[in-house]
Amino acid sequence: MNARVAGRHFLQIPGPTNVPERVLHAIAEPTIDHRGPGFGELGRAVLSGLGRVFRTSGPVVIYPASGTGAWEAALVNTLSPGDAVLMVRTGWFATLWHEMATRLGLAPMLLETDWRRGADPAAIADALRQDRAHRIRAVCVVHNETSTGCVSPIAAVRAALDAEQHPALLLVDTISSLGSIDYQHEAWGVDVTIAGSQKGLMLPPGLSFNAISPRALAAAQTARLPRSYWDWRPMLESNATGYFPFTPAINLLRGLQEALAMLAEEGLDNVFDRHTRHATATRAAVRAWGLEIQCLEPRDYSGSLTAVRLPEGHSADALRALILRRFDMSLGGGLGMLKDRVFRIGHLGDFNDLSLIGALGGVAMGLRLAGVPHGEDGMAAALAVLAEG
Ligand SMILES: *Cc1c(COP(=O)(O)O)cnc(C)c1O
(Lines give C-alpha, C1' and ligand atoms only; values in the text may rest on other atoms or scores of the structure.)
Protein backbone atom coordinates (compact mmCIF):
# COMPACT_ATOMS: atom_id res chain seq x y z
CA MET A 1 0.00 0.00 0.00
CA ASN A 2 1.25 3.48 -0.81
CA ALA A 3 1.68 6.01 1.96
CA ARG A 4 -1.13 8.51 2.32
CA VAL A 5 -0.55 11.80 0.53
CA ALA A 6 -1.72 14.71 2.67
CA GLY A 7 -3.62 17.69 1.32
CA ARG A 8 -5.79 18.18 -1.72
CA HIS A 9 -4.69 16.89 -5.12
CA PHE A 10 -4.03 19.79 -7.52
CA LEU A 11 -6.03 19.00 -10.65
CA GLN A 12 -4.58 21.60 -13.02
CA ILE A 13 -5.32 19.94 -16.33
CA PRO A 14 -7.55 21.93 -18.71
CA GLY A 15 -10.50 19.67 -17.95
CA PRO A 16 -11.83 17.94 -16.06
CA THR A 17 -11.52 20.76 -13.55
CA ASN A 18 -11.97 20.97 -9.78
CA VAL A 19 -15.59 20.46 -8.78
CA PRO A 20 -16.71 22.88 -6.04
CA GLU A 21 -18.12 21.35 -2.87
CA ARG A 22 -21.49 23.01 -3.44
CA VAL A 23 -21.76 21.11 -6.71
CA LEU A 24 -20.51 17.83 -5.20
CA HIS A 25 -23.11 18.09 -2.45
CA ALA A 26 -25.88 18.74 -4.94
CA ILE A 27 -24.83 15.68 -6.95
CA ALA A 28 -24.85 13.58 -3.77
CA GLU A 29 -28.52 14.28 -3.08
CA PRO A 30 -30.81 11.26 -3.53
CA THR A 31 -31.71 10.45 -7.10
CA ILE A 32 -35.27 11.45 -7.96
CA ASP A 33 -37.85 10.09 -10.42
CA HIS A 34 -37.19 11.65 -13.80
CA ARG A 35 -40.86 11.17 -14.72
CA GLY A 36 -42.17 12.34 -11.36
CA PRO A 37 -43.96 15.63 -10.70
CA GLY A 38 -40.92 17.37 -9.20
CA PHE A 39 -38.49 16.71 -12.02
CA GLY A 40 -39.91 19.10 -14.61
CA GLU A 41 -39.00 22.07 -12.47
CA LEU A 42 -35.34 21.01 -12.34
CA GLY A 43 -35.35 20.33 -16.08
CA ARG A 44 -36.84 23.72 -16.90
CA ALA A 45 -34.46 25.50 -14.52
CA VAL A 46 -31.29 24.04 -16.02
CA LEU A 47 -32.49 24.42 -19.61
CA SER A 48 -33.25 28.12 -19.14
CA GLY A 49 -30.13 28.69 -17.04
CA LEU A 50 -28.00 27.20 -19.81
CA GLY A 51 -29.45 29.70 -22.28
CA ARG A 52 -28.03 32.52 -20.17
CA VAL A 53 -24.56 30.95 -20.27
CA PHE A 54 -24.61 30.21 -24.02
CA ARG A 55 -26.24 33.64 -24.47
CA THR A 56 -29.11 32.39 -26.53
CA SER A 57 -32.88 32.66 -26.36
CA GLY A 58 -33.13 29.46 -28.44
CA PRO A 59 -33.05 25.84 -27.35
CA VAL A 60 -30.13 24.06 -25.69
CA VAL A 61 -30.19 20.25 -25.50
CA ILE A 62 -28.39 18.16 -22.89
CA TYR A 63 -26.93 14.70 -23.49
CA PRO A 64 -25.59 12.26 -20.92
CA ALA A 65 -22.27 12.09 -22.79
CA SER A 66 -18.82 13.61 -22.88
CA GLY A 67 -18.18 16.49 -25.27
CA THR A 68 -17.41 14.06 -28.08
CA GLY A 69 -21.06 13.01 -28.09
CA ALA A 70 -22.19 16.59 -28.61
CA TRP A 71 -19.76 16.92 -31.56
CA GLU A 72 -21.52 13.97 -33.14
CA ALA A 73 -24.97 15.32 -32.33
CA ALA A 74 -24.14 18.64 -34.04
CA LEU A 75 -23.01 16.88 -37.22
CA VAL A 76 -25.70 14.19 -37.53
CA ASN A 77 -28.59 16.56 -36.87
CA THR A 78 -27.62 19.11 -39.52
CA LEU A 79 -25.81 17.27 -42.35
CA SER A 80 -26.27 14.55 -44.98
CA PRO A 81 -23.94 11.83 -46.31
CA GLY A 82 -21.21 13.26 -48.55
CA ASP A 83 -21.79 16.88 -47.48
CA ALA A 84 -18.70 19.08 -47.71
CA VAL A 85 -17.74 20.70 -44.41
CA LEU A 86 -14.93 23.20 -43.90
CA MET A 87 -12.82 22.56 -40.80
CA VAL A 88 -9.71 24.26 -39.42
CA ARG A 89 -6.99 22.15 -37.84
CA THR A 90 -6.13 24.47 -34.95
CA GLY A 91 -4.76 21.54 -32.95
CA TRP A 92 -5.52 18.09 -31.61
CA PHE A 93 -9.22 18.58 -30.80
CA ALA A 94 -9.90 19.98 -34.26
CA THR A 95 -8.07 16.90 -35.62
CA LEU A 96 -10.34 14.54 -33.67
CA TRP A 97 -13.48 16.35 -34.82
CA HIS A 98 -12.25 16.11 -38.41
CA GLU A 99 -11.67 12.36 -38.02
CA MET A 100 -15.19 11.98 -36.68
CA ALA A 101 -16.65 13.91 -39.64
CA THR A 102 -14.78 11.61 -42.02
CA ARG A 103 -15.99 8.47 -40.23
CA LEU A 104 -19.58 9.73 -40.35
CA GLY A 105 -19.38 9.92 -44.16
CA LEU A 106 -18.97 13.66 -44.54
CA ALA A 107 -16.43 15.17 -46.94
CA PRO A 108 -14.38 17.54 -44.79
CA MET A 109 -12.03 20.12 -46.29
CA LEU A 110 -9.27 20.93 -43.84
CA LEU A 111 -7.50 24.28 -43.50
CA GLU A 112 -4.13 23.72 -41.81
CA THR A 113 -2.47 25.91 -39.19
CA ASP A 114 0.83 25.67 -37.32
CA TRP A 115 -1.04 24.89 -34.04
CA ARG A 116 0.20 28.21 -32.64
CA ARG A 117 -2.76 30.48 -33.36
CA GLY A 118 -6.54 30.43 -33.77
CA ALA A 119 -8.42 29.95 -37.03
CA ASP A 120 -7.80 32.68 -39.62
CA PRO A 121 -11.10 34.23 -40.79
CA ALA A 122 -9.42 35.42 -44.01
CA ALA A 123 -8.42 31.84 -44.90
CA ILE A 124 -11.99 30.72 -44.22
CA ALA A 125 -13.31 33.56 -46.41
CA ASP A 126 -10.95 32.48 -49.24
CA ALA A 127 -12.17 28.88 -49.08
CA LEU A 128 -15.80 30.01 -49.07
CA ARG A 129 -15.20 32.38 -52.01
CA GLN A 130 -13.85 29.50 -54.11
CA ASP A 131 -16.94 27.46 -53.30
CA ARG A 132 -19.19 29.20 -55.83
CA ALA A 133 -21.61 26.26 -55.98
CA HIS A 134 -22.10 26.45 -52.19
CA ARG A 135 -21.18 22.79 -51.72
CA ILE A 136 -19.84 23.54 -48.24
CA ARG A 137 -22.74 22.95 -45.84
CA ALA A 138 -21.01 23.76 -42.57
CA VAL A 139 -17.96 25.56 -41.22
CA CYS A 140 -16.64 23.87 -38.05
CA VAL A 141 -14.35 25.76 -35.69
CA VAL A 142 -12.99 24.99 -32.22
CA HIS A 143 -13.36 28.17 -30.15
CA ASN A 144 -10.71 27.39 -27.52
CA GLU A 145 -8.23 24.80 -28.83
CA THR A 146 -7.36 23.02 -25.60
CA SER A 147 -4.24 21.38 -27.05
CA THR A 148 -2.56 24.73 -27.83
CA GLY A 149 -4.19 27.42 -25.68
CA CYS A 150 -5.27 29.45 -28.72
CA VAL A 151 -8.73 30.99 -29.21
CA SER A 152 -10.38 31.43 -32.60
CA PRO A 153 -12.26 34.69 -33.34
CA ILE A 154 -15.78 33.36 -33.82
CA ALA A 155 -17.48 36.71 -34.50
CA ALA A 156 -14.94 37.32 -37.30
CA VAL A 157 -15.61 33.86 -38.76
CA ARG A 158 -19.32 34.73 -38.82
CA ALA A 159 -18.47 38.02 -40.53
CA ALA A 160 -16.47 36.09 -43.16
CA LEU A 161 -19.49 33.87 -43.91
CA ASP A 162 -21.71 36.94 -44.16
CA ALA A 163 -19.26 38.89 -46.33
CA GLU A 164 -19.09 35.97 -48.79
CA GLN A 165 -22.88 35.60 -48.58
CA HIS A 166 -22.27 31.91 -48.00
CA PRO A 167 -25.18 29.86 -46.58
CA ALA A 168 -23.07 27.27 -44.70
CA LEU A 169 -23.98 26.64 -41.08
CA LEU A 170 -21.46 27.67 -38.42
CA LEU A 171 -20.71 24.93 -35.84
CA VAL A 172 -18.49 25.87 -32.89
CA ASP A 173 -16.87 23.71 -30.20
CA THR A 174 -16.81 25.62 -26.89
CA ILE A 175 -16.09 22.57 -24.74
CA SER A 176 -13.19 24.27 -22.94
CA SER A 177 -14.38 27.88 -23.19
CA LEU A 178 -18.03 27.99 -22.15
CA GLY A 179 -18.18 29.52 -18.68
CA SER A 180 -14.57 30.68 -18.77
CA ILE A 181 -14.07 32.78 -21.94
CA ASP A 182 -16.60 35.26 -23.35
CA TYR A 183 -18.88 33.51 -25.81
CA GLN A 184 -22.15 34.59 -27.42
CA HIS A 185 -24.08 31.98 -29.39
CA GLU A 186 -26.81 34.29 -30.65
CA ALA A 187 -24.98 37.60 -31.12
CA TRP A 188 -22.18 35.85 -33.03
CA GLY A 189 -24.62 34.06 -35.31
CA VAL A 190 -23.51 30.55 -34.43
CA ASP A 191 -25.81 27.73 -35.60
CA VAL A 192 -24.73 24.94 -33.27
CA THR A 193 -22.59 25.49 -30.18
CA ILE A 194 -21.09 22.38 -28.61
CA ALA A 195 -20.07 22.25 -24.96
CA GLY A 196 -19.31 19.84 -22.14
CA SER A 197 -19.76 19.82 -18.37
CA GLN A 198 -16.27 19.15 -17.04
CA LYS A 199 -14.36 22.32 -17.91
CA GLY A 200 -15.64 25.87 -17.36
CA LEU A 201 -18.94 24.60 -15.97
CA MET A 202 -17.16 23.04 -12.95
CA LEU A 203 -19.02 19.72 -13.12
CA PRO A 204 -17.69 16.19 -13.39
CA PRO A 205 -17.59 14.79 -16.94
CA GLY A 206 -20.82 13.27 -18.20
CA LEU A 207 -22.99 16.03 -19.67
CA SER A 208 -22.67 17.70 -23.04
CA PHE A 209 -24.69 20.30 -24.85
CA ASN A 210 -25.85 21.67 -28.19
CA ALA A 211 -27.21 25.22 -28.42
CA ILE A 212 -29.27 25.34 -31.60
CA SER A 213 -30.13 28.26 -33.92
CA PRO A 214 -33.37 28.46 -35.93
CA ARG A 215 -31.38 27.73 -39.13
CA ALA A 216 -29.84 24.63 -37.57
CA LEU A 217 -33.31 23.49 -36.48
CA ALA A 218 -34.54 23.91 -40.02
CA ALA A 219 -31.54 21.95 -41.35
CA ALA A 220 -32.41 19.14 -38.93
CA GLN A 221 -35.72 18.63 -40.76
CA THR A 222 -33.96 17.61 -43.98
CA ALA A 223 -30.55 16.29 -42.80
CA ARG A 224 -30.06 12.64 -43.81
CA LEU A 225 -27.19 11.33 -41.70
CA PRO A 226 -28.57 8.45 -39.58
CA ARG A 227 -29.40 9.54 -36.04
CA SER A 228 -31.42 8.06 -33.24
CA TYR A 229 -30.01 8.66 -29.76
CA TRP A 230 -28.70 12.08 -30.82
CA ASP A 231 -31.87 13.22 -32.58
CA TRP A 232 -32.76 16.72 -31.39
CA ARG A 233 -36.45 16.39 -32.25
CA PRO A 234 -37.75 14.00 -29.54
CA MET A 235 -35.44 15.77 -27.09
CA LEU A 236 -36.89 19.20 -27.83
CA GLU A 237 -40.41 17.83 -27.66
CA SER A 238 -39.88 16.45 -24.13
CA ASN A 239 -37.75 19.41 -23.01
CA ALA A 240 -40.69 21.76 -23.64
CA THR A 241 -42.08 20.61 -20.26
CA GLY A 242 -38.68 20.08 -18.61
CA TYR A 243 -38.60 16.31 -19.20
CA PHE A 244 -36.39 14.03 -21.33
CA PRO A 245 -37.19 11.23 -23.80
CA PHE A 246 -34.86 8.83 -21.96
CA THR A 247 -33.34 8.73 -18.46
CA PRO A 248 -31.25 11.89 -18.10
CA ALA A 249 -28.17 12.09 -15.85
CA ILE A 250 -30.44 13.18 -12.99
CA ASN A 251 -27.78 13.81 -10.33
CA LEU A 252 -25.50 15.66 -12.76
CA LEU A 253 -28.44 17.88 -13.67
CA ARG A 254 -28.80 18.81 -9.98
CA GLY A 255 -25.08 19.58 -10.00
CA LEU A 256 -25.58 21.67 -13.13
CA GLN A 257 -28.33 23.66 -11.42
CA GLU A 258 -25.90 24.47 -8.61
CA ALA A 259 -23.04 25.34 -11.00
CA LEU A 260 -25.33 27.65 -12.98
CA ALA A 261 -26.34 29.36 -9.74
CA MET A 262 -22.68 29.87 -8.83
CA LEU A 263 -21.88 31.39 -12.25
CA ALA A 264 -24.89 33.71 -11.90
CA GLU A 265 -23.90 34.74 -8.35
CA GLU A 266 -20.39 35.67 -9.48
CA GLY A 267 -21.64 37.24 -12.72
CA LEU A 268 -20.48 35.88 -16.06
CA ASP A 269 -18.44 38.97 -16.91
CA ASN A 270 -16.61 38.68 -13.59
CA VAL A 271 -16.00 35.00 -14.33
CA PHE A 272 -14.42 35.90 -17.68
CA ASP A 273 -12.33 38.69 -16.11
CA ARG A 274 -11.08 36.29 -13.44
CA HIS A 275 -9.95 33.81 -16.11
CA THR A 276 -8.29 36.54 -18.16
CA ARG A 277 -6.40 37.75 -15.11
CA HIS A 278 -5.17 34.27 -14.19
CA ALA A 279 -4.08 33.67 -17.76
CA THR A 280 -2.18 36.98 -17.77
CA ALA A 281 -0.42 36.09 -14.51
CA THR A 282 0.46 32.62 -15.85
CA ARG A 283 1.99 34.05 -19.03
CA ALA A 284 3.96 36.56 -16.94
CA ALA A 285 5.43 33.63 -14.99
CA VAL A 286 6.21 31.65 -18.14
CA ARG A 287 7.97 34.63 -19.74
CA ALA A 288 9.99 35.30 -16.60
CA TRP A 289 11.01 31.63 -16.55
CA GLY A 290 12.30 32.25 -20.08
CA LEU A 291 10.03 29.54 -21.50
CA GLU A 292 8.00 29.85 -24.66
CA ILE A 293 4.20 30.12 -24.80
CA GLN A 294 2.78 27.78 -27.46
CA CYS A 295 0.31 30.43 -28.68
CA LEU A 296 2.22 32.97 -30.78
CA GLU A 297 -0.65 35.37 -31.37
CA PRO A 298 -1.40 37.62 -28.35
CA ARG A 299 -4.87 38.31 -29.77
CA ASP A 300 -5.60 34.55 -29.52
CA TYR A 301 -4.29 33.87 -25.99
CA SER A 302 -6.61 31.55 -24.08
CA GLY A 303 -8.11 32.55 -20.73
CA SER A 304 -8.62 28.94 -19.67
CA LEU A 305 -5.23 27.32 -20.17
CA THR A 306 -1.64 28.04 -21.12
CA ALA A 307 0.47 25.57 -23.12
CA VAL A 308 4.17 25.98 -22.35
CA ARG A 309 6.99 24.71 -24.59
CA LEU A 310 10.08 23.17 -23.06
CA PRO A 311 13.55 23.85 -24.49
CA GLU A 312 14.91 21.26 -26.98
CA GLY A 313 16.24 18.20 -25.23
CA HIS A 314 13.86 18.44 -22.26
CA SER A 315 10.85 16.17 -21.85
CA ALA A 316 7.57 17.79 -20.88
CA ASP A 317 6.19 14.39 -19.89
CA ALA A 318 9.12 13.72 -17.55
CA LEU A 319 8.54 17.13 -15.96
CA ARG A 320 4.83 16.38 -15.50
CA ALA A 321 5.57 12.97 -14.00
CA LEU A 322 8.02 14.51 -11.54
CA ILE A 323 5.53 17.22 -10.52
CA LEU A 324 2.80 14.62 -10.00
CA ARG A 325 5.08 12.42 -7.88
CA ARG A 326 6.58 15.17 -5.75
CA PHE A 327 3.76 17.68 -5.46
CA ASP A 328 0.61 15.70 -6.27
CA MET A 329 -0.33 18.05 -9.12
CA SER A 330 -1.68 16.93 -12.50
CA LEU A 331 -0.77 19.11 -15.48
CA GLY A 332 -1.99 18.59 -19.05
CA GLY A 333 0.30 16.78 -21.49
CA GLY A 334 1.13 17.59 -25.10
CA LEU A 335 -1.32 16.09 -27.59
CA GLY A 336 -0.66 14.92 -31.14
CA MET A 337 2.43 16.56 -32.60
CA LEU A 338 2.97 18.44 -29.33
CA LYS A 339 3.45 15.23 -27.35
CA ASP A 340 6.30 15.63 -24.85
CA ARG A 341 7.02 19.13 -26.28
CA VAL A 342 4.54 21.12 -24.18
CA PHE A 343 2.80 20.91 -20.85
CA ARG A 344 -0.48 22.65 -20.25
CA ILE A 345 -1.53 24.54 -17.15
CA GLY A 346 -5.30 24.57 -16.72
CA HIS A 347 -6.45 27.75 -14.96
CA LEU A 348 -10.18 27.41 -15.47
CA GLY A 349 -13.25 26.56 -13.48
CA ASP A 350 -13.47 26.92 -9.71
CA PHE A 351 -10.12 28.61 -9.31
CA ASN A 352 -8.72 31.61 -7.42
CA ASP A 353 -5.51 33.58 -6.94
CA LEU A 354 -4.10 31.24 -4.32
CA SER A 355 -4.91 28.15 -6.38
CA LEU A 356 -2.93 29.74 -9.20
CA ILE A 357 -0.01 30.49 -6.88
CA GLY A 358 -0.02 26.86 -5.77
CA ALA A 359 -0.12 25.58 -9.34
CA LEU A 360 2.66 27.91 -10.53
CA GLY A 361 4.70 27.11 -7.42
CA GLY A 362 4.50 23.42 -8.30
CA VAL A 363 5.67 24.17 -11.84
CA ALA A 364 8.55 26.35 -10.55
CA MET A 365 9.78 23.63 -8.19
CA GLY A 366 9.36 21.01 -10.89
CA LEU A 367 11.45 22.99 -13.38
CA ARG A 368 14.20 23.28 -10.78
CA LEU A 369 14.15 19.58 -9.85
CA ALA A 370 13.98 18.43 -13.48
CA GLY A 371 16.99 20.56 -14.38
CA VAL A 372 15.13 22.58 -16.99
CA PRO A 373 17.07 25.84 -17.50
CA HIS A 374 14.82 28.70 -16.46
CA GLY A 375 14.80 32.19 -14.99
CA GLU A 376 14.15 32.59 -11.28
CA ASP A 377 11.56 35.36 -11.34
CA GLY A 378 8.44 33.51 -12.55
CA MET A 379 6.61 33.47 -9.24
CA ALA A 380 7.39 37.13 -8.58
CA ALA A 381 6.08 38.08 -12.02
CA ALA A 382 2.81 36.23 -11.39
CA LEU A 383 2.44 37.72 -7.89
CA ALA A 384 2.93 41.21 -9.32
CA VAL A 385 0.07 40.70 -11.81
CA LEU A 386 -2.23 39.28 -9.14
CA ALA A 387 -1.40 41.95 -6.56
CA GLU A 388 -2.19 44.73 -9.07
CA GLY A 389 -5.88 43.95 -8.87
C1 LIG B 1 -12.13 18.29 -23.83
C2 LIG B 1 -12.40 18.70 -25.24
C3 LIG B 1 -13.04 17.86 -26.16
C4 LIG B 1 -13.37 16.44 -25.86
O5 LIG B 1 -14.38 16.35 -24.96
P6 LIG B 1 -14.66 14.99 -24.18
O7 LIG B 1 -15.54 15.48 -23.09
O8 LIG B 1 -13.34 14.45 -23.72
O9 LIG B 1 -15.34 14.08 -25.11
C10 LIG B 1 -13.31 18.36 -27.41
N11 LIG B 1 -12.97 19.61 -27.76
C12 LIG B 1 -12.34 20.43 -26.92
C13 LIG B 1 -11.97 21.80 -27.37
C14 LIG B 1 -12.02 19.99 -25.64
O15 LIG B 1 -11.38 20.82 -24.79
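How far does a polar side-chain atom of Asp-173 lie from a nitrogen atom of the ligand? I looked this up first. The distance is 2.7 Å. I note that the model is predicted.

**Ligand contacts**

I then went through the oxygen atoms of the ligand. A polar side-chain atom of Gln-198 is 2.7 Å from one ligand oxygen. For Thr-68, I read 2.5 Å between a side-chain N or O atom and an oxygen atom of the ligand. I checked cover next. On its own the ligand has 380 Å² of accessible area, and the protein covers 88% of that.

**Ligand shell**

I listed the residues around the ligand and got 13. Those that come nearest are Ser-66, Thr-68, Thr-146, Asp-173 and Lys-199. Thr-68 and Asp-173 thus turn up here as well as among the polar pairs I noted above. By class, I count seven polar, four nonpolar and two charged residues in the shell. Which helix gives the largest share of the shell? It is H3, residues 67–78, with three residues.

**Largest pocket**

I turned to the largest pocket. Its space comes to about 250 Å³. I wrote down the lining in two parts. From the lower numbers I have Arg-8, Gln-12, Asn-18, Val-19, Pro-20, Glu-21 and Leu-24. From the higher numbers I have Asp-350, Phe-351, Asn-352 and Ser-355. How do the lining residues divide by class? I get four nonpolar, four polar and three charged.

Technical notes:
Residues numbered from 1 in each chain as written. Predicted model: local features only at pLDDT ≥ 70, side-chain atom pairs only at ≥ 80, totals over all residues. Heavy atoms only, no water. Near = heavy atom within 4 Å. Polar contact = N/O pair within 3.5 Å; in protein donor to acceptor, adjacent residues only side chain to side chain. Areas by Shrake-Rupley, 256 points an atom, 1.4 Å probe, with all protein chains shown as cover. Helix = DSSP H or I, 4+ residues; strand = E, 2+ residues; numbered from the N terminus. Nonpolar A, V, L, I, M, F, W, Y, C, P; charged D, E, K, R; others polar. 1 Å grid on protein atoms, 1.4 Å probe; cavity = no way out; pocket = protein on both sides within 12 Å on 5 of 7 lines; lining within 4 Å. Points joined across faces, edges and corners; volume = space filled by probe spheres on them.
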